[in-house]
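Trainee: Got a minute to go through a model with me? I'd like to take it piece by piece.

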Amino acid sequence: MSRGHILTLLLLALIPSFAVTGYLAGAHHERDRRLAEKWYERGETHLREGRAGAAVDAFSNALRFSRDDPRDRLRLAQALIADGRDAEASSHLLTLREDEPGNGTINLELGRLAARSGDLPNAVRYYHRAIDGAWEEEPERWRRVARFELAEFLVAQQTYAAAQAELIALAANVPDDSASLTRVGRLFLHAKADDDALRMFRRTLEHDPRHPAALAGAGEASFRLANYRAARNYLSQATRLGPTASPLREMLQTSTLILAIDPFQPRLAAREQGRRAAEAFGHAVDRLAACARELKFLPGVLDEDLSRLQTEVDQLTPRAGARSLARDPDLLEQTMDLVFRIENTARQRCGQPQGHDLALLLIGQRRTGAER
Amino acid sequence: MTWLRRAVAFRPDRSVRLSEAQLFLVLAFVIGLFSGLSVVCFRMAIDSTRLWLLGDTLGPAVSRVVLVPAVAGLVVAAVVVLVLPEVRGSGVNHTKAAVYIYDGFIPFRTVFGKFLTCSVSIGSGHSLGPEDPSLQIGAGLASLFGRWLRLSRDHLRLLAPVGAAAGLAAAFNSPITAVLFVIEEVIGTWSAGVLGAVVLSAVSGAVTAQWFLGDEPLFRVPTYHLEHPSELVAYALLGVIGGIAALAFVKPVLSLRSRIRRRPRRTLILAPAMAGLAIGMIGVRFPQVMGAGYEFVDQAMHGQYTWQLLAALAVLKIVATGLSFVSGVPGGLFAPTLFIGAMIGGAVHGVVQIVLPDQVGPTGAYVLVGMGTLLAAILRAPITSVFMIVEVSGNYSIILPVMISNTIGYLISRRFQPHPIFDALSQQDGVALPSMEEQRETTVQRVEDAIRRRAPFVFTGEDSIDDAWRRARESNLAQYPVRLAPDVWTLVSVEALENLRAEGKGDLALGSVLGLSDRLPWVHPDQPLEAALRLIGDRAFLPVVHRANVGQLEGIVTLDDILSAYRRPRDG
């Protein structure tokens, strides 16, 4: 047989060779696919039943047969996370991210791992990629999940400015259901954005005026914003609806007290102003004396400030009666100014006040903020 | 039906006439396709055998783990010892032997036997790999086709490496690695004639394998970047450890193998079974050491093992592979080498991470570099190992650490083990194959080693015969170089000058009487001395001219000069 014939036969033999190999390869891949699926299902079962270690083994087997199927590698990574093996999970996720840098799920998991290890820059980076990334199912819901987790992480890290920025974006995208709005409101509170928090709680109350958490949150936000009338209204409604935490009850008490003793409340009669101012002066004097007594027993503590204040008190006491204060607005101002300075100094020197002293301190702070 | 009549009447030998060189290239392509198909079937056979014998879990049942390698070893040994002794070993040496000793002849029964026995041995859990046998399968197919086509002896000899490249490319899914390995380790030369065929077959083999098995890289590693320059010290350390590990593998293997080969036949049949039993017992606790182990390399790459376990796996794999290979089980060394390197790389990473937690890259990078290091240190293919790592991972950024670690590992291995493992194995088999490593490092003698000092005079074509004769008498040379033109040299003898003067032609210019038919070929100082030897013929000397200016004479070489240079002892 000539070379040409032999070469032709060889070329022709390629056809059945490819056909047979193709058939065998098809059967081989099908078998591998079935085995991969079998191990994948086992892994899912193990995960559901809380057996993370067994799930890792199962997904590893699945990955072996699926020839690096991203789905199996992702589930393996998630199983490793469930098993507390974050470093290994991260390695698999980074491998996946090489092929799908915009995959929302992968970036979200990486963000969670980074957050768990306190890695702020990477956590922010991955969470943002998750928010901007591609999601196969329920993209809006998952983006919200990512935003919430990121905001919570930033609040926990006390990076309030960044947290507020995220929360503002979240507030624009959150659905109008009470739970979500309240959750955002609480995060705003933790992020020291009281105005935004109050706005979120009010949004909630528009839908559900008797929402306990929203009422409590609105009360707390109002209290921090020194709007004690609103705080009292919200907090009293909240307490009427059910048990509230101790700090909230204290805020309610303080708000109520402030409204009762603040001589600068609008539309107060002069007599009542004078009475309140005189009462406030009395409380301040007592506070000063108690603080001085406390400090006298501490070695090496200077009490010049308190002495100076005491001198002022001594000078003002003969004139700080209720009638005089009611007749003389300037005297009232002067007296209340001294009261606020006493309370402030006492707080710095002798610790956080309570009761009337706390109320007077907050009244003074609000007044100072308003004057500015 | 005109087309049918034409098809029937087609006579390829009449209408298509290919030269043997053209046929060689076409055949290279066809060999690549068939080798690719064979390797695909081979891989599937190994997978199916493993599934059948050990089940579909990464951690098989204890009874299977212990018994299967032992029984399979016994069966394979019986076949090898009693029926197919030529399928023993990895296959690389046999391919080289085919090229250098047997004129490219590899019996087809070797291909068939290798396919079957390695499917069983690797699939049953013996610690060997499929790449080397794939290389031999491809070479065997190439040999078969070459014989069918009655190629010349020269082409037949070169066809085996062509097939080898295709088989290796298909097995590794990496054509560049295959080409480099075959050139570096089998052929040993970058001849343009064979390079094209090797590349063509490697590409077609790899593409065929990718068609059926997918084109994913062998290993998936996140993009690597150097965390800190001091990390290179860690990679250098990896190179040192890799070099030592290579010695720990190669020396015992060579020592034990030479002893076992002298044992009676009964021992040769039982040895693989005993090796299988030992591997099975190791595999009960450490199933990772069984088989090729690539799935476990992937796990190591993703940090799923502690550094202590990685170190243990490296040691155990050395033991297991040594047992399998030394006992005579057919199978390859590529995969175990990569596995050992991967584990060592991961272990080094684990230790470095404790010492320098903020300055260490990902585990996967160290695993990759470790693989390359062991490949360079054990198989002594440094160029192949660098490119292989880049190619199988698709990650070019790893190349600097790979080069550093590979070089160190290679040098350490060379220092304490002068002969590469494949050469040593050949010597044990009583076959004196040329060592590619030695060939690479043999100092090539050059013309400048033989050059005589510059001739006292260089005449030009404008010089008169009288002038030339007068100047020639001041020296005792019989002949002198003459530059007739900027790129034309010839020579003139004193006797010829005297004769021309006697004829009264003393006033004439040399250029007018010396013909271009007497022109001398020239050589350059950096050319191999062999070039001068081929050119000098009967001539008195050859001019040695400057490369940038062939009119500038550097010196002359005579035949005596050339032979003296060859006789002189070489350095290194």
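Trainee: How much area does chain B expose?
Mentor: About 23,600 Å², and carbon and sulfur atoms supply 60% of that. The area is a Shrake-Rupley value with a 1.4 Å probe, and for residues only the protein chains shown count as cover.

Trainee: Any caveats before I go on?
Mentor: This is a predicted model, so local features need pLDDT of at least 70 and side-chain atom pairs count only at pLDDT 80 or more, while totals for chains, interfaces and linings use all residues. Residues are numbered from 1 along each chain as its sequence is written, chains are lettered from A and ligands numbered from 1 in the order written, and side-chain values use heavy atoms, with hydrogens and water left out.

Trainee: OK. What share of chain B is buried?
Mentor: Of its 572 residues, 57% are buried. Buried means under 20% relative accessible area, exposed over 50%, and partly exposed in between (1.4 Å probe, protein chains only).

Trainee: And how many helices and strands are in chain B?
Mentor: There are 26 helices and 5 strands. These are DSSP runs numbered from the N terminus: H or I with at least four residues for helices, E with at least two for strands. The C-alpha trace of chain B spans about 105 × 80 × 50 Å along its principal axes.

Trainee: What share of the contacts in chain B with a separation of 6 or more comes from residues 24 or more positions apart?
Mentor: That's 76%. A contact here means heavy atoms within 4.5 Å.

Trainee: Let's do single residues in chain B. Where does F172(B) lie?
Mentor: F172(B) is in helix α8, residues 153-172. With a relative accessible area of 1%, F172(B) is buried. Apart from neighbours within four places in sequence, its contacts include E131(B), Y294(B), F334(B) and M388(B). P217(B) sits 45 residues away in sequence, with 9.0 Å from C-alpha to C-alpha.

Trainee: And V326(B), buried or exposed?
Mentor: Buried, at 7% relative accessible area. V326(B) belongs to helix α14, residues 307-326. Setting aside neighbours within four places, V326(B) touches V253(B), L256(B), R257(B) and I260(B).

Trainee: Which strand holds S493(B)?
Mentor: Strand β3, residues 488-493. S493(B) is buried too, at 18%, and beyond its neighbours within four places S493(B) is in contact with A478(B) and Q479(B).

Trainee: Switching to helix packing. At what angle do α5(B) and α9(B) cross?
Mentor: Roughly 65°, with the axes of α5 (92-100) and α9 (175-187) coming within 10 Å. The axes are lines fitted to C-alpha atoms, for helices over the stretch in contact, and angles run from 0 to 180 degrees between N-to-C directions. The two helices are therefore roughly perpendicular. That label covers 65 to 115 degrees; under 35 is roughly parallel, over 145 roughly antiparallel, and the rest oblique.

Trainee: Which residues meet there?
Mentor: From α5(B), V92(B), T95(B), K96(B), V99(B) and Y100(B); from α9(B), F181(B), E185(B), V186(B) and I187(B). By class that contact has 6 nonpolar, 1 polar and 2 charged residues. Ala, Val, Leu, Ile, Met, Phe, Trp, Tyr, Cys and Pro count as nonpolar, Asp, Glu, Lys and Arg as charged, and the others, Gly among them, as polar.

Trainee: Now chain A. How do α15(A) and α17(A) cross?
Mentor: At roughly 155°, with the axes of α15 (304-316) and α17 (329-350) coming within 11 Å. That makes α15(A) roughly antiparallel to α17(A). Among the residues that meet are L306(A) and L309(A) in α15(A), and L338(A) and I342(A) in α17(A). The contact divides into 7 nonpolar, 3 polar and 4 charged.

Trainee: Last topic: what is phi for E138(A)?
Mentor: Near 45°, a positive value in a residue other than glycine. Most residues other than glycine have a negative phi. E138(A) lies in the loop between α6 (120-132) and α7 (139-156) of chain A, and at 47% relative accessibility E138(A) counts as partly exposed.

Trainee: And what about phi of A226(A)?
Mentor: Also positive, near 65°. A226(A) is in the loop between α11 (212-224) and α12 (228-241) of chain A, and at 16% relative accessibility A226(A) counts as buried.
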